[in-house]
Structures are given as structure tokens and as C-alpha cells.
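Please open the structure in your viewer and follow the stops below in order. Each stop names a selection and then describes what is found there.

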Amino acid sequence: MNKIELGKLGEEKAIEFLIKNGYKIIEKNYKTKIGEIDLIAKKKKEIVFIEVKTRSSDKFGLPEEAVNERKLKKIEKVALLYLNSKKIDLPYRFEVLSIMKVGNDFEFQIISV
């Protein structure tokens, strides 16, 4: 399985995991000229902007370590564009969903950023 296939599978598994944990997915792969947000969800009365990172080994670090300060700033800009364009006035937060594929199983960890 190559990186692109693993990333797509990770996003599918992320959606299943999030729904089971009370999130309602409202956008997938939201794109603008500035960048992209993997998933936008609602949980209770909050909007959650989620970056999904999937790895099959920790050889190059944990999945969440791929989300640096520069990436977070880009996600924040895209999130503000989204909120403004949809005229949403709700609290919001950012999360990284770290997914490690171990054999046929997946381990999930939500990290608030």
C-alpha cells in the first residue's frame, strides 16, 4: 500500500472513528486557494477542524509530528475562511487525529492543538 492509498484509507477509518465518538462530519477535504482541511465536524455545539495523519510505522516519527506550526497556521486560515463563508458563529477548535496502522488494526489518538 502506497502513501496515497494509506492516507485515503486513514481518512475513511477516521470518519468511522469520529462518528462512533459523537462527531457529525459536515465537510470532507474542504479546499481553498490557501489550503485544505481534511475533515470538518460538529460535536455538541462546536465546530472541529481535523487534520488526519496516518502512518504504518513510526520510522519517520509519529503521525501527529507531521503537523508543524506552519501547517497549523495554514489550517487556521482555511478554517476562518470556512466559518466566514458559511456565516457560522459557533465556538471552534482544532484537532489532529493520529492514526497508526498496525497489521490490519488501527490505533487512534485525538490531539487537541
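**A tour of spaces and rings**

Begin by selecting helix 1, which gives the most to the lining of the largest pocket, with six residues. The model on display is a predicted one.

**The largest pocket**

Extend the selection to residues 3-20 for helix 1 and 46-55 for strand 3; these are the elements that give two or more residues to the lining of the largest pocket. The lining comprises 21 residues, and those nearest the centre of the pocket are Lys-3, Ile-4, Leu-6, Gly-7 and Thr-54. If the lining residues are coloured by class, nine are charged, six are polar and six are nonpolar. The volume of this pocket is about 600 Å³.

**The enclosed space**

Rolling a probe the size of a water molecule over the atoms shows where empty space is left. How many cavities of 30 Å³ or more are counted? The count is one, and the largest cavity holds about 30 Å³ of space. To display its lining, select Phe-49, Ile-50, Glu-51, Leu-72, Ile-75, Phe-94, Glu-95, Val-96 and Val-113. Strand 3, helix 2 (69-85) and strand 4 (92-102) supply at least two of these residues each. By class, this lining has seven nonpolar and two charged residues, with no polar ones.

**The aromatic rings**

Next, show the aromatic side chains: the structure holds six aromatic pairs. Select Phe-17 and Phe-108, whose rings are stacked, with 4.4 Å from centre to centre and 10° between the planes. Phe-17 belongs to helix 1 and Phe-108 to strand 5 (residues 105-112), so this pair ties together parts that are 91 residues apart in sequence. Phe-108 has a relative accessible area of 29% and is therefore partly exposed.

Move on to Tyr-30 and Tyr-82. Their ring centres are 4.9 Å apart and their planes stand at 80°, so the pair is edge-to-face. This pair also links distant parts of the chain, with Tyr-30 in strand 1 (residues 24-31) and Tyr-82 in helix 2, 52 residues apart. Are these two residues buried or exposed? Tyr-30 is buried, because its relative accessible area of 15% falls under 20%. Tyr-82 is likewise buried, at 3%.

For the last stop, add Phe-49, Tyr-92 and Phe-94 to the two tyrosines; together with Tyr-30 and Tyr-82 they form one aromatic cluster. Phe-49 and Phe-94 also appear in the lining of the largest cavity, which returns the view to the enclosed space visited earlier.

Terms used:
Residues are numbered from 1 along each chain as its sequence is written. This is a predicted model: local features need pLDDT of at least 70, side-chain atom pairs count only at pLDDT 80 or more; totals for chains, interfaces and linings use all residues. Side-chain values use heavy atoms; hydrogens and water are left out. On a 1 Å grid over the protein atoms alone, a cavity is a set of points where a 1.4 Å probe fits but cannot get out, and a pocket is an open set with protein on both sides within 12 Å along at least five of seven lines; lining residues have an atom within 4 Å of a point. Grid points are joined across faces, edges and corners, and a volume is the space filled by probe spheres set on the points. Helices (H or I, at least four residues) and strands (E, at least two) are DSSP runs, numbered from the N terminus. Ala, Val, Leu, Ile, Met, Phe, Trp, Tyr, Cys and Pro count as nonpolar, Asp, Glu, Lys and Arg as charged, and the others, Gly among them, as polar. Rings of Phe, Tyr and Trp (its six-membered ring) pair if their centres lie within 6.5 Å; planes under 30 degrees apart count as stacked, over 60 as edge-to-face and the rest as tilted. Buried means under 20% relative accessible area, exposed over 50%, partly exposed in between (1.4 Å probe, protein chains only).
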